[in-house]
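User: Please take a close look at one pocket of this model, describing what lines it and how much space it holds. Then follow the helix that gives most to its lining into the surroundings of the ligand.

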Amino acid sequence: MRRRVFSGARPTGNQHLGNYLGAIQNYVKLQDEYQAIYCIVDIHALISLEDTGLLQGNIHNMTLDWLAAGLDPEKSILFVQSHVPEVMELHTLLSMVTPLSWLLRVPTFKEKVKVQPQNVNYGLVGYPVLMTADIVLYKAELVPVGEDQLPHLELAREIVRRFNNIFGDTFPEPQAKLTSLPLVLGLDGKEKMSKQLGNDIELALSEEETVARIMTAVTDPARRYRNDPGHPEICNIFRLHKYFNPSGTDDLANQCRSAKIGCVDCKQLLAGEINSTLRPFRQRRAELADNPKYVTEVLADGAERARRIARETLGEVKQNMGLL
Ligand code: TRP
């Protein structure tokens, strides 16, 4: 049997370039080599009860982006977390072998306590346990994630080790599979590209919107006039050029340093590169968007396939825990 890969992503809606370069492209590559399972984690999204009215639309748009980017439901299982309720059962069972002290020292938990002190709920503490349940319900061995998820994965491994020690070998220890790409920064050139921060470039924008969006980007702050020499090594637009036109960047860096090219022209070039890279994606997305029933079918089929695996694992878990 092919080794299993599992990853989850929160239903943030329309995906942006950071999602694409950092996660989705990697997902697409992995589906040829592994049995890949990709999950839209709607239950995890409930930790901050904002905008739950947007959830269904976000799930739909995210699925459209995934499919248009090349995730293939014939190869991979694509599904929505809550459509396989077994994960909540497993979460409860795993919570019994997870010391509270482990959860209280998770960096993302401590951060959340600061960000939403008025809503430090039980689910927030259990977030990494639910994430562990996601992964081990499918006995996944590899988990493609960004660096920010490493503490969660370490915890998942600890929970698995403890479970296996107490109840006998049940789950493989999941390994993180980091993307080779460094963090993709947003248009502010400071923070990670993120929809919440409003510094993102959505994949599904039109070509004109893409140009307009890139024109708002911060470049080298020392370059105030057209004839000032630029510093490409600190410019986020230059960094994005490297993703989209890696062979042309030496030349561009020289032109920037000698002020032969201005920031506006440089941004136009970048928008052109992004638009031509995304043209096939956008075309396919528009076709898929015309057929919303197809998206629903893909997710229903994915949930059914995922559920078959989930039921089997859960049966084994209950057996090992003495519940059957
Ligand atoms: N916590 C992950 C994030 O915020 C999302 C996630 C939930 C996940 N379950 C997962 C990632 C399982 C990998 C595997 O990005």
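Analyst: The lining of the second largest pocket divides into 10 nonpolar residues, seven polar ones and no charged ones, where Ala, Val, Leu, Ile, Met, Phe, Trp, Tyr, Cys and Pro count as nonpolar, Asp, Glu, Lys and Arg as charged, and the others, Gly among them, as polar. This is a predicted model, in which local features need pLDDT of at least 70 and side-chain atom pairs count only at pLDDT 80 or more, while totals for chains, interfaces and linings use all residues. Residues are numbered from 1 along each chain as its sequence is written, and side-chain values use heavy atoms, with hydrogens and water left out.

The lining of this second largest pocket comprises 17 residues, and those nearest its centre are His 91, Tyr 122, Gly 123, Gly 126 and Tyr 127; a pocket here is an open set of points on a 1 Å grid over the protein atoms alone, fitting a 1.4 Å probe, with protein on both sides within 12 Å along at least five of seven lines, and lining residues have an atom within 4 Å of a point. Helix H3 (86-95), helix H4 (100-104) and H6 each give two or more residues to that lining, with helices being DSSP runs (H or I) of at least four residues and strands (E) of at least two. H6 supplies the largest share, seven residues. The space in the second largest pocket comes to about 340 Å³, a volume filled by probe spheres set on the grid points, which are joined across faces, edges and corners.

H6 (122-136) also belongs to the surroundings of the ligand, where H6, strand S1 (4-9) and strand S4 (142-145) each supply at least two residues of the shell. Within this shell H6 gives the most, with four residues. The shell has 13 residues, the closest being Gly 8, Tyr 127, Met 131, Asp 134 and Gln 149, and a residue belongs to it if one of its heavy atoms lies within 4 Å of the ligand. Unlike the pocket lining, which has no charged residues, the shell holds two charged residues beside seven nonpolar and four polar.

Three side chains make polar contacts with the ligand, that is, pairs of N or O atoms within 3.5 Å. An N or O atom in the side chain of Tyr 127 is 2.7 Å from a ligand nitrogen atom, a polar side-chain atom of Asp 134 also lies 2.7 Å from a ligand nitrogen atom, and a polar side-chain atom of Arg 10 lies 3.4 Å from a ligand oxygen atom. The protein covers 91% of the 370 Å² of accessible area that the ligand has on its own, as computed by the Shrake-Rupley method with a 1.4 Å probe. Tyr 127 thus appears both among the residues nearest the pocket centre and among those closest to the ligand.

Technical notes:
A polar contact is a pair of N or O atoms within 3.5 Å; within protein, one must be able to donate a hydrogen and the other to accept it, and residues adjacent in sequence count only if both atoms are side-chain atoms.
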